[in-house]
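User: Could you take one part of this structure and look at it closely with me? I would like to know where it sits and what surrounds it, and then how the rest of the chain can be read with the help of the same terms.

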Amino acid sequence: MPKIMLPWVKLTLFLTYALIVMGATVRVTDSGMACPDWPLCYGQWIPFPAPEGSGYSNFQVFMEWGHRLLASIIGFFLIGIGVMAVKVRKVRPAIFWWTVASFVVLAVQVKLGGITVWLSNIHWSVALHLGNAMIFFSTLIVIKRLVAQGENPNRGEFKTPFGAKVLTWLVAVSVFLTMVMGAMVSSAHAGGSCGGLLSCMGDWMPSEDFQQLLHMKHRYLALMTTILTVFYFIKVKKVHPELKKSAIAFKVFLLGQILLGVLTLYSFSHYANYYMHLSVAHLAWGTLFFMATIGTLGKIYYGAAGGSHYKEADHA
């Protein structure tokens with residue numbers, strides 16, 4: 001295993017996380033159309049200063065252009081991972097095939113980025129773009145674990161009951177869907193459409209207002225995630241020490257996400273100047289929650305070694 005491979009993958013993973021957070025910043029600052037063409041920006045590779053009459057500030061153009069630039073840099077980093085994955089494909093075929101999957105997902109992401117611009121950032125295209133980014137992020141999380149294991153004969157493998165596997169998948173999918181719906185809410189400017197915390201203007205499921213409907217769907221998905229995470233904490237933590245660590249992490253991420261969600265909701269009526277910051281923090285924390293769920297699936301299928309909290313003594 002090349003020594004540079006693990007830090008290379010970790011840096012790629014970090015840059016991808018930064019890209020996802022930056023994408024949220026682009027969205028909440030209404031910078032998504034600051035570069036109206038693609039892949040160039042106003043027909044230029046470096047569109048500064050912003051053209052007069054564009055209707056966008058230099059900051060907005062920089063956010064959209066910088067988002068594209070960072071995505072391109074990640075593409076080059078992935079090529080580096082690909083070269084190293086080819087070298088180890090015979091001894092670690094799983095790394096090679098997960099890297100192939102990353103290239104496929106990245107190709108889809110590039111196409112979705114173009115479609116999002118061509119469709120003027122319509123809410124469903126933004127949601128698809130974020131969803132695919134999370135899938136790409138997932139492949140890197142798995143690759144990082146496999147690379148970190150190296151040639152370690154003890155990979156911390158353990159048997160997981162079928163019910164625990166299913167429940168872990170349910171939490172991961174629920175977090176994923178909640179985030180994708182959150183992207184739709186944000187891009188449709190529906191964040192403050194329902195007012196208070198429980199019902200939506202006295203209605204549990206509005207049928208006439210599209211923004212309110214999106215908002216409540218996001219809330220119900222968040223409720224589903226909460227129920228599944230609580231159930232996970234109660235049941236799955238008894239299965240294995242490694243899953244107990246995950247259950248505790250899920251609980252921490254859930255509580256933080258609920259707090260950020262409530263703060264974001266009330267920012268519209270009480271402290272509007274902080275909405276953008278809270279919205280980005282909400283997605284950033286949610287992405288960490290999702291990362292924890294994928295990391296748990298990785299340890300279930302590939303062993304606990306390579307994880308952030310793995311200790312050889314626990315598996316001796």
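Analyst: What follows begins with one helix and then moves to salt bridges, loops and a surface patch.

This is a predicted model, in which local features need a pLDDT of at least 70 and side-chain atom pairs count only at pLDDT 80 or more, while totals for chains, interfaces and linings use all residues. Residues are numbered from 1 along each chain as its sequence is written, and side-chain values use heavy atoms, with hydrogens and water left out.

The part to look at closely is helix α3, which covers residues 93–118 and contains Ser 102. Helices here are DSSP runs of H or I with at least four residues, strands are runs of E with at least two, and both are numbered from the N terminus. The expected span of a helix is 1.5 Å times one less than its number of residues. For the 26 residues of α3 that gives 38 Å, and the C-alpha atoms at its ends are 38 Å apart, so the two values agree.

Which residues of α3 are buried? They are Ile 95, Thr 99, Ser 102, Val 105, Leu 106, Gln 109, Leu 112, Gly 113, Gly 114, Thr 116 and Val 117, where buried means under 20% relative accessible area, exposed means over 50%, and partly exposed lies in between (1.4 Å probe, protein chains only). The cover over these buried residues includes α1 (5–28), α2 (58–87) and α4 (123–149). Ser 102 counts as buried because its relative accessibility is 0%. Setting aside residues up to four places away in sequence, Ser 102 touches Leu 78, Phe 136, Thr 139, Leu 140 and Ile 143, a contact being heavy atoms within 4.5 Å. Just after α3, Ser 120 takes a positive phi of about 60°.

With the helix described, we can turn to pairs of charged side chains. A salt bridge is a side-chain nitrogen of Lys or Arg within 4 Å of a carboxyl oxygen of Asp or Glu, and by this rule there are 3 salt bridges. One of them joins Arg 68 to Glu 64, with the closest N and O atoms 3.1 Å apart. These two residues are separated by about one helical turn, because they stand 4 residues apart in helix α2, and both of them are buried.

Another salt bridge links Glu 242 and Lys 245 at 3.4 Å from N to O, and this pair lies in helix α7 (residues 241–270), 3 residues apart, or about one turn of the helix. Although they are partners, Glu 242 is buried at 3% relative accessibility, whereas Lys 245 is partly exposed at 27%. Glu 242 also forms a salt bridge with Lys 299, whose closest N and O atoms are 3.3 Å apart. Lys 299 belongs to helix α8 and Glu 242 to helix α7, so this pair ties together parts that are 57 residues apart in sequence. Lys 299, with a relative accessible area of 8%, is buried. Through their shared partners, the salt bridges join Glu 242, Lys 245 and Lys 299 into one network.

Helix α8, which covers residues 275–302, also holds His 277. His 277 counts as exposed, at 57% relative accessibility, and its C-alpha atom is 10.0 Å from that of Ala 24, although the two residues are 253 places apart in sequence.

Two loop residues deserve a look for their backbone angles. Asp 30, in the loop between α1 and α2, has a phi near 55°, a positive value in a residue other than glycine, and Asp 30 is partly exposed at 42%. His 189, in the loop between α5 (162–187) and α6, also has a phi near 55°.

The loop between α5 and α6 also holds Trp 204, which counts as exposed at 53%. Leaving aside its neighbours within four places in sequence, Trp 204 is in contact with Leu 198, Ser 199, Met 216 and Tyr 220, and the C-alpha atoms of Trp 204 and Tyr 220, 16 residues apart along the chain, are separated by 9.9 Å. A nonpolar surface patch is formed by Leu 197, Leu 198, Trp 204, Met 205, Tyr 220, Leu 223 and Ile 227, which together have about 720 Å² of accessible area. Patches are made of residues with over 30% relative accessible area and no salt bridge, joining like charges within 9 Å and nonpolar side chains (Val, Leu, Ile, Met, Phe, Trp, Tyr) within 5 Å; the areas come from the Shrake-Rupley method with a 1.4 Å probe, and for residues only the protein chains shown count as cover. Leu 223, one of the patch residues, lies in helix α6 (residues 210–235) and is partly exposed at 44%.
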